[in-house]
Amino acid sequence: MGTTVTTNLQLIKPDQNESIKQALPTFPGWASQNATNQDKIDSVFRNSSTTYTLNWTGAVSNPAVGSGGFTEGKYVRLFPRLVIVFFRIWLGNSGIVVGSGEYRISAPFSFDPIFTRFTDTIPIGRAAFFDASAAATCSTFTVNYRSSENVVVMRPPEGGFWAANFPVVPAIQDRWSGYFMYPTTAA
Amino acid sequence: MSICKDCDIKMPVTYTPNIGLAKPSESELAQDWVNTQKWAEDNNLIVAAKSNFPLKSYTPTMIASVTNPSYGSGGIYGEYLEFQGWIFGSFSMYFLDPGVSAGSGTGGYGIRLPTLADISFHNAVTFVDGIAAASVIGEGYFSDLSSVTTSGVTALELMRINGIDYVRQVPEPYTGKTTQWVGPGVPVAAAHGDGLSGSFVYKKG
């Protein structure tokens, strides 16, 4: 014997006969049904913020932040599937490696496949670029998702993609900071 | 006898982690089955209360490092809502004569946020010309009525100055750019018809 569920949250909605059953090896009783429902409703009000390891990579060879530099990824999960990510990349005072090719950063959870059809095109966030050596090239980038490689990329206002040589070759003490938000697949 | 989680009397009932909905186990139910309806009613009240996100208004006051700007007879508006400890909001302001003043000082304009941010989660600079880059928590736009080339999109960077939280705008490159932020005289002195706007999201402090 089974029970029917609601459309969106899959809440159990037993009929009158089902609702008064005790828990049996083959049937969840009221306590079980209620707990399942309350957990699903509760998940709509999710609020968990924490850190994750932000991977900063290059399409050809990887960059490195050098001595005194760091990468930082933080995120919150709201509702069942909304993820909001805040990230920073700070280059150190020495020993940095610019790598080569387009730059990418990682996200904490998989993207909903609906983004596949919009690869590279839809901005999902905004970032600031601080060029320590020139105020004129400090800038703001859009943050975009590239579904074909499952990575997050950025686009400077000059066009093209954020890369080891674009819009400038990164140097010591340069910094990026930004945020993006997207739906995950798993609730 | 109350069975409300927020009340003083604690009943031996299991609750959900985020908003405290009652989900008694079989044994808990067996001990207190008479309160089944009350649990359901309390759960409904909690869900109803937590589902209400009223849009509130606030004044996104602008500051500069020496003399604050004046929007003259223009307007300044802000609104936000809070969901589970996170703030989603926006601001807009436009400058209209008489009375427009761009203010003065180095660094960017500070545009006040509706609440303090959680700076154990975010990172904030402490001066309007403090070195970048703090947490970017939104995006905005600067509109120069007299020139397309000095209008453009911006990133919003978090600042905490004298115990109050603001954002400053980081613009795109433009011809003649000499500082990193939108501020007094940068990219142009705010004048009649110019405007600033933006939207943001951050963890409430």
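Read from the N terminus, chain B opens with two helices and then continues in strands, in the order α-α-β-β-β-β-β-β-β-β-β-β-β. That gives chain B two helices and 11 strands. Please keep in mind that this is a predicted model.

**The build of chain B**

How spread out is chain B? Its radius of gyration is 23 Å, well over the 17 Å that the globule rule gives for 205 residues, so chain B is more spread out than a compact globule. The box around its C-alpha atoms, taken along the principal axes, tells us about the extent in each direction, at roughly 75 × 35 × 25 Å. Of the 205 residues in chain B, 38% are buried. Among the contacts in chain B with a separation of 6 or more, 63% join residues 24 or more positions apart.

| Property of chain B | Value |
|---|---|
| Radius of gyration | 23 Å |
| Globule rule for 205 residues | 17 Å |
| C-alpha box along the principal axes | roughly 75 × 35 × 25 Å |

**Where the two chains meet**

Let us turn to the contact between the chains. Chain B brings 40 residues to it, and chain A brings 36 residues. Which elements of chain B supply at least two residues each to the side that touches chain A? They are the helices α1 (26-31) and α2 (36-50), together with the strands β8 (136-143), β9 (152-161), β10 (164-171) and β11 (195-203). The largest share of this side of chain B comes from β9(B), with four residues. Sorted by class, the side of chain B that touches chain A holds 20 nonpolar, 12 polar and eight charged residues.

**The nonpolar cores**

The largest nonpolar core has 65 residues, and those with the most contacts inside it are A:Val85, A:Ala127, A:Ala128, B:Ile137 and B:Val167. Strand β4 (residues 82-90) of chain A gives the most to this core, namely six residues. Another core lies apart from it and has seven residues, including A:Ile41, A:Phe45, B:Leu21 and B:Ile46.

It is worth pausing at B:Ile137. Leaving aside residues up to four places away in sequence, B:Ile137 touches A:Tyr179 in the other chain, and in its own chain B:His122, B:Leu156, B:Leu158, B:Val167, B:Phe200, B:Val201 and B:Tyr202. B:Val167, one of these partners, is also listed with B:Ile137 among the residues that have the most contacts inside the largest core.

**The domains of chain A**

Chain A is divided into domain 1 (1-44) and domain 2 (47-183). The C-alpha centres of domain 1 and domain 2 of chain A are 43 Å apart.

Conventions: Residues are numbered from 1 along each chain as its sequence is written. Chains are lettered from A and ligands numbered from 1 in the order in which they are written. This is a predicted model: local features need pLDDT of at least 70, side-chain atom pairs count only at pLDDT 80 or more; totals for chains, interfaces and linings use all residues. A nonpolar core is a set of buried Ala, Val, Leu, Ile, Met, Phe, Trp, Tyr and Cys residues joined through C-beta atoms within 7 Å. A residue is buried if 20 or more other C-beta atoms lie within 10 Å of its own, exposed if 12 or fewer, and partly exposed in between; C-beta atoms are placed from the backbone. Two residues are in contact if their C-beta atoms, placed from the backbone, lie within 7 Å. The radius of gyration is taken over C-alpha atoms; the globule rule is 2.2 Å times the number of residues to the power 0.38. Ala, Val, Leu, Ile, Met, Phe, Trp, Tyr, Cys and Pro count as nonpolar, Asp, Glu, Lys and Arg as charged, and the others, Gly among them, as polar. Domain bounds come from an automatic or database domain assignment.
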